Amino acid sequence: MNKLDGKIALITGGTSGIGKATAEQFVHEGAYVFITGRRDMALAATVKEIGSHVIGVQADVSNLGDLDRLFAQIQREKGKLDIVFANAGITPLAPLGKITEEHYDTLFTINVKGVLFTVQKALPLMPDGASIILNASVVASVGLEEHSVYAATKAAVRSFARTWTTDLKDRHIRVNAVSPGPIDTPWWHTRATDEQGLKRWSERVPLGRPGTANEIAKAVVFLASDDSSYITGAELFVDGGFAQV
Ligand code: NAD
């Protein structure tokens, strides 16, 4: 018996990093997984790598038309959705004084509006007792330089988990946030400064290293499964102690 046998799951931003590692673990635990991403080629490569029980749907979380198309497909092919992992997010940084309107709009559109409408549009497909996991971040709880707008988006995401727990209480749908510390995903290797950032932040981690995408995926499996049946509205830090000391 696997932890997610027979479950239908959606993971946004499932072609890379934390989303991809979680898709692999969900399939390993018996789920059928829809993953989204913006690029068809990356989706096809990830689907091929995972092999079975996974389907890729091109969809930008900030585009409501894309989300409608995504949920219509899930409805048509599976008729329900037991687990939503709202994971897609971006992490551009800017110090106060250099923040542009575009920086603000892009971050809030993808990280906040994207999470909100992913979950709201998923709800009609979700049975009572379903599980929603939102990918937040330790940055919502600490004051890291240059992180102001990104951290504010993640504070909004953490807040959603509280409010939606109340909104959905009559349906016993659980809503939790997972808050990763510095996790070694492809995002950190897209620019040289980011690699330095991973090293810099990891030096502040009590466990002395960055986390892996698999370590977040295991926590998401826990929140998705019945193992966490009495946990809702919570924020699970998976951060090597970064924001705890
Ligand atoms: P990543 O860049 O490896 O993966 C991000 C994924 O999201 C990619 O598949 C990307 O295509 C997708 N994505 C981005 N914008 C999208 C959009 N508009 N529509 C659909 N898909 C979109 O990064 P990651 O590190 O795995 O990050 C995943 C999540 O984890 C993000 O929400 C991020 O904020 C959060 N997080 C990451 C870390 C870390 O250190 N890596 C720490 C805390 C939180």
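Let's start with histidine 53, which at 46% relative accessibility counts as partly exposed. In this predicted model, histidine 53 sits in the loop between helix H2, residues 40-50, and strand E3, residues 54-58. Now look at its backbone. Phi of histidine 53 is near 60°, a positive value in a residue other than glycine. Why point that out? Because most residues other than glycine have a negative phi.

There is another histidine to put beside it. Histidine 172 has a phi near 55°, again a positive value in a residue other than glycine. You can find histidine 172 in the loop between helix H5, residues 148-167, and strand E6, residues 174-180. Is histidine 172 buried or exposed? With 59% relative accessibility, histidine 172 counts as exposed, because the cut-off for exposed is over 50%.

And one more histidine, this time in a helix. Histidine 103 belongs to helix H4, which covers residues 101-122. Its relative accessibility is 12%, so histidine 103 counts as buried; the cut-off there is under 20%. What does histidine 103 touch, once we set aside neighbours within four places in sequence? The partners are Pro92, Leu93, Ala94 and Val149.

Let's zoom out for a moment. The protein chain holds 7 helices and 7 strands. Reading from the N terminus, the order is β-α-β-α-β-α-β-α-β-α-β-α-α-β. The radius of gyration of the protein chain is 17 Å, close to the 18 Å that the globule rule gives for 245 residues, so the chain is as compact as a globular protein of that length. If you prefer a box in your head, the C-alpha trace spans about 45 × 35 × 35 Å along its principal axes.

How much of the chain is buried? Of the 245 residues, 51% count as buried. The surface that the protein chain exposes comes to about 11400 Å², with carbon and sulfur atoms supplying 52% of it. As for charge, there are 25 positive and 27 negative side chains, and the centres of those two sets lie 1 Å apart.

Here is a number about how the chain folds back on itself. Take the contacts between residues at least 6 apart in sequence: 69% of them join residues at least 24 apart.

Isoleucine 133 gives us a good example to look at. Isoleucine 133 is part of strand E5, residues 131-135. Its relative accessible area is 0%, so isoleucine 133 is buried. Leaving out neighbours within four places in sequence, isoleucine 133 is in contact with Ile83, Val84, Phe85, Ala86, Asn176, Val178, Val220, Leu223 and Ala224. Isoleucine 90, on the other hand, is 43 residues from isoleucine 133 in sequence and 17 Å from it in space, C-alpha to C-alpha.

Now follow Leu223, because it comes up again. Leucine 236 lies in strand E7, and its contacts beyond four places in sequence are Ala177, Val178, Ser179, Ala219, Phe222 and Leu223. At 29% relative accessibility, leucine 236 counts as partly exposed. Where is threonine 118 from there? The two are 118 residues apart along the chain, and their C-alpha atoms are separated by 21 Å.

Isoleucine 231 has Leu223 on its contact list too: not counting residues up to four places away in sequence, isoleucine 231 touches Arg174, Asn176, Phe222 and Leu223. Isoleucine 231 is located in the loop between helix H7, residues 213-224, and strand E7, residues 235-238. At 27% relative accessibility, isoleucine 231 counts as partly exposed. The C-alpha atoms of isoleucine 231 and arginine 174 are separated by 7.3 Å, although their positions lie 57 residues apart along the chain.

One more stop, back towards the start of the chain. Arginine 39 is in the loop between strand E2, residues 32-37, and H2. With 57% relative accessibility, arginine 39 counts as exposed. Its C-alpha atom is 28 Å from that of serine 148, a residue 109 places away along the chain.

Last, a word from the records. The unreviewed UniProt entry carries the annotation "domain: Ketoreductase" for residues 7-181. Over residues 7-181 the model is 45% helix and 18% strand, and the end C-alpha atoms of that stretch are 28 Å apart. Thanks for listening, and please ask away!

Definitions and conventions
Residues numbered from 1 in each chain as written. Predicted model: local features only at pLDDT ≥ 70, side-chain atom pairs only at ≥ 80, totals over all residues. Heavy atoms only, no water. Helix = DSSP H or I, 4+ residues; strand = E, 2+ residues; numbered from the N terminus. Rg over C-alpha atoms; globule rule 2.2 N^0.38 Å. Buried < 20%, exposed > 50% of the residue type's maximum accessible area, 1.4 Å probe, protein only. Contact = heavy atoms within 4.5 Å. Areas by Shrake-Rupley, 256 points an atom, 1.4 Å probe, with all protein chains shown as cover. Lys, Arg positive; Asp, Glu negative; His and termini not counted. Charge placed at Lys NZ, Arg CZ, Asp CG, Glu CD. UniProt positions renumbered as here; feature names shortened; annotations may be inferred.
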